[in-house]
Each structure stands twice: as C-alpha cells, then as structure tokens.
Amino acid sequence: MFDLLCLTDRTLCREPFLDRVAAIAAARPRAIVLREKDLPQDQYQTLAAQALEICRQAGVPCVLHTFVGAA
C-alpha cells in the first residue's frame, strides 16, 4: 500500500467542491492540501474553515497552503 497526498484545485471540480473534499477525505488519504492560490485571503479562510471541519470529521490532516495567516 502507499500513501496519497491530495492537492486541491476547485476549478477542476464538476461537482460542488466541498462534496469532492468530503469524498476524498472519506477515502482516507495521508493528507489533503488546500491549495487555492487564486482566492483572496478572506475567501480562502472561509473555505479553509469548511475544509478543516470536513477533514477533522474524517480524521484526515488538512494542510493549508498559500496564506500563512490563514494557517
């Protein structure tokens, strides 16, 4: 078996992004990296809070990327 590290790009999702994050978290990767570089920091922080909660419930680490202040 091998560990997967998943990096996000919400612009590639055809379904709602947070639904995709939940599906990925349910598959139990090593971690999910929230890498949404095109968002302004306030929108990133809002998205990060939602993704962190999804990952927390699944027991999967969520790594925040791009905005040091959000992390």
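Reply: A residue counts as exposed when its relative accessible area is over 50%, as buried when that area is under 20%, and as partly exposed in between. The model to which these terms are applied here is a predicted one.

Me: Is Arg-28 buried or exposed?

Reply: Arg-28 has a relative accessibility of 52%, which is over the 50% cut-off, so this residue counts as exposed. Arg-28 is placed in the loop that runs between α1 and β2.

Me: What is the phi of Arg-28?

Reply: The general idea is that most residues other than glycine have a negative phi. In this structure, Arg-28 is not a glycine, and yet its phi is positive, near 60 degrees.

Me: How many helices and strands does the protein have, and in which pattern do they follow one another along the sequence?

Reply: The protein contains three strands and two helices. Taken in sequence order, these elements read β-α-β-α-β. The radius of gyration is 11 Å, and the globule rule for 71 residues gives 11 Å as well, so the protein is as compact as a globular protein of that length. The C-alpha trace spans about 35 × 25 × 20 Å along the principal axes.

Me: What share of the residues is buried, and what share of the accessible surface belongs to carbon and sulfur atoms?

Reply: Of the 71 residues, 32% are buried. The accessible surface amounts to about 4800 Å², and carbon and sulfur atoms account for 54% of it.

Me: Which residues does the buried Ala-25 touch, leaving aside those up to four places away in sequence?

Reply: A contact requires heavy atoms within 4.5 Å. Ala-25 belongs to helix α1 and has a relative accessible area of 0%, so it is buried. Its contacts beyond four places in sequence are Ile-32, Ile-54, Ala-58 and Val-60. As for Ala-58, the C-alpha atoms of this residue and Ala-25 are 5.9 Å apart in space, although the two are 33 residues apart in sequence. For the whole protein, among contacts between residues at least 6 apart in sequence, 69% join residues at least 24 apart.

Me: How many positive and negative side chains are there, and how many salt bridges are counted?

Reply: There are 8 side chains of each sign, and the centres of the positive and negative sets lie 5 Å apart. A salt bridge is assigned when a side-chain nitrogen of Lys or Arg is within 4 Å of a carboxyl oxygen of Asp or Glu. The count on this basis is five.

Me: Which parts of the chain does the salt bridge between Asp-3 and Arg-30 tie together?

Reply: The N to O distance between these two side chains is 3.9 Å. Asp-3 is in the segment before β1 (5-7), while Arg-30 is in the loop between α1 (17-26) and β2 (31-34), so the bridge ties together parts 27 residues apart in sequence. Both Asp-3 and Arg-30 are exposed.

Me: Where do Arg-56 and Glu-53 lie, and which other residues form salt bridges?

Reply: Arg-56 and Glu-53 are both in helix α2 (residues 41-58), three residues apart, so about one helical turn separates them. Their closest N and O atoms are 2.6 Å apart. Arg-56 is exposed at 54% relative accessibility, whereas Glu-53, at 32%, is partly exposed. Arg-10, Glu-36 and Asp-38 form one network through salt bridges that share partners. Glu-15 is bridged to Arg-20, with 2.4 Å between the closest N and O atoms. Glu-15 is partly exposed at 29% relative accessible area, and Arg-20 is partly exposed at 35%.

Conventions
Residues numbered from 1 in each chain as written. Predicted model: local features only at pLDDT ≥ 70, side-chain atom pairs only at ≥ 80, totals over all residues. Heavy atoms only, no water. Helix = DSSP H or I, 4+ residues; strand = E, 2+ residues; numbered from the N terminus. Rg over C-alpha atoms; globule rule 2.2 N^0.38 Å. Buried < 20%, exposed > 50% of the residue type's maximum accessible area, 1.4 Å probe, protein only. Areas by Shrake-Rupley, 256 points an atom, 1.4 Å probe, with all protein chains shown as cover. Lys, Arg positive; Asp, Glu negative; His and termini not counted. Charge placed at Lys NZ, Arg CZ, Asp CG, Glu CD.
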